[in-house]
Structure formats: C-alpha cells, structure tokens
Amino acid sequence: METFLGMNYNDWWFLVFGAVISGYAILDGFDLGAGALHLFLNKEQSRRIAMNAIGPVWDGNEVWLVIGGGVLFAGFPVAYAAIFSAFYVPFMVFLVGLIFRAVAIEFRSKEPMLWWRKTWDIVYCVASIIISLSLGLMLGNVVGGLPLNRDHEFTGNWLFFFNPFAILVAITTLALFMMHGAIYLTMKTENRLYVKLHLLSNNFTIFFVVSFGNTTLYTLLYIPHLSDFFRARPGYFIIPLLMILCIANIPRQVKKGKYRYAFASSALTISLLLIMVALEVFPYLLYSPQDPENSITIYNGASSQKTVKILLVIALIGTPLVATYTSFVFWTFKGKVKLDETSY
C-alpha cells in the first residue's frame, strides 16, 4: 500500500473525512443551536437579531456537509452506499429538516403579519431540533454499530435506530449545539438580549454536561469496547482529559463574560469529541457487532489506491480554499448585530 509522509492514503482520507465532519459540526452546530433555542426568545426584535446573527453564514456553513458527503462518496464508496441505504429514513427526515429550516429563515420576514412570523419561528426551531437529533441519532448508530450481511447491507429495520445509546447521543448532540449556539449569539448581541442569552448559555451548558455525563456512563456500563483504544494506549488519555478541561472552561469564561474564549472552548470540545469517536471506531467506517467480518473498514470500503491518491491531492487544494472563504465571511461580518432595512 502506497504511503504519503509515512501514512497510507486510506488513513489520510479517513483524516480528511474526519476534519470535514468536524468543520461542519463546529460551524453548522452553532447555527442549529441558535435555531433550537429560538423560541426561548420572546420578543420580535430579539428573534430578528438572533436570526441575523447567523444570516450571513448559515448557508456557507452547510457547504461543509456537502464536502463531507463528497469525501465519503469519492474515498469510501462502499461505506457511502451502506450508510445511505441503512440510514434512508433518518436521512430523509434530516433533509426535510434542512429544507424547512432554509425556507423558514428566508420566508419569515417576507410578510409583516404576526401569525406569519410566529409560524415560521416555530418551523425554524422545530426543524433545527430535528436536524440536531437526526445527526446525533445517526452518529450514535455508526459508533454503536449496525447489523450488516456479507454484502455490507443493513439487515435491521428503522426501529433499530432508536436504541438507548443512539437516543442518548442524539440528546447530547442537541444539548451541545444549543450550548454552542447560545454562546455564539451572546457574542453577537448586546443589552437585554445579551443578558437573556447569558442566562441561556449557563442553562444549556448544564443541559450538555448532564447529557454528556449520562451518555458517558451508559457507554462505560453497556458498550465498554468503545473505550478499548484508550485502555490499551494510556498516553492517549490526554485527549479526553483536554476535552473535560475545555468543558470546564466554558462556564468559567461565560461567568467572566469572555464569550470568544467560551466559544473557542465549545468548538474544541466538539473537535475533541469527534477525535475520540474516530479513535474508538478506527479502522471501521461501519461496524457490525453481530458479525465483525461483515464490517466496512477504511480498507475494504475504499476506492482504488490511484483514486484516493488523486482525490487526496484535490482535497488538499480544495479544503483550504473553502476554509479561507469561510474565514473571510466571518471576518467580514464580525461584531455585534445591527438591524437595518436589509435584515431578515
């Protein structure tokens, strides 16, 4: 197997996929969190400010999801086929949520009627919650494993997805995004809305810590093999330790009013959580607990060596360009939100 800088191309492609998914979770995560807490804001002006805080960036953040799908399709087509077939129902729910969230953002301020705006507020909030829960549910099932046959086809039914571990991961994902979104909105607001979001940031941080604690406890008790990697390699314990320190730093920075540091800690928490997931499942892309030999790995589910080699070059060029564009947009729209005639 060919290598590049001491690593084979399949491993590199796994890293690229993980990096793209992390980018999506961090960027669209605060958009989804802002939408999920939208109904906690009671005033019309507050809701408009919150929506305009994500207005310039939400659609660009979704680009990372498209890149993630492209990376999976190009680099690991067998895993792409199995995952999208197995998760057909959750993905359809997820896509419907994406559609309605986009429509709600664009349509809400098109008419001045109160009933019109309240309707789209509800749609926006519910769609954001559904998207977050769907992402968490799919992540939980990927990590926990799915029953696969020798042709790498899913042999369960749609009710299988609603297992306790996946449900706990879904709730934790929603809590994490709501905390992430509340911190982001606090950075972008001022006056009374700032005070309101300061309280919500604290509340959703507690929500996340409790959810994360429950999920961790369940994992240790009922899915102990997920921690085998860290038990076998004590040096990697630094990763969960750093994650815990980042989580602890969030309420500390919120209390001080240093929301940029709190947001950075929240983003690092997401990254470290996904790094832990990647280490726990590696080299599996889709694990089959009942029949491990039917599992899809980064080796039996990958494209040809020539294909992944060419694709890696393209990814190393394209991904930094997208990251540069994203950074430029955030720099352009930095600072507090100010409403004007062009606002949502």
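How many residues does α9 have, and what distance does the helix reach from its first C-alpha to its last? In this predicted model, local features need pLDDT of at least 70 and side-chain atom pairs count only at pLDDT 80 or more, whereas totals for chains, interfaces and linings use all residues. Residues are numbered from 1 along each chain as its sequence is written, and side-chain values use heavy atoms, with hydrogens and water left out.

Helix α9, helices being DSSP runs of H or I with at least four residues, numbered from the N terminus, has 32 residues and reaches 47 Å, close to the 46 Å expected at 1.5 Å a residue, the expected span being 1.5 Å times one less than the number of residues. Among the residues of α9 that are buried are L193, L197, F204 and F208, where buried means under 20% relative accessible area, exposed over 50%, and partly exposed in between (1.4 Å probe, protein chains only). The cover over these buried residues includes α2 (44–54), α8 (164–188), α11 (238–256) and α12 (259–281). I206, also found in α9, counts as exposed because its relative accessibility is 54%; its C-alpha lies 25 Å from that of I49, 157 residues apart in sequence.

In helix α11, N249 touches Y261 and S265, not counting residues up to four places away in sequence, contact meaning heavy atoms within 4.5 Å. The side chain of N249 also makes a polar contact with the side chain of R252 at 3.1 Å, a polar contact being a pair of N or O atoms within 3.5 Å, of which, within protein, one must be able to donate a hydrogen and the other to accept it, with residues adjacent in sequence counting only if both atoms are side-chain atoms.

Key. Helix = DSSP H or I, 4+ residues; strand = E, 2+ residues; numbered from the N terminus.
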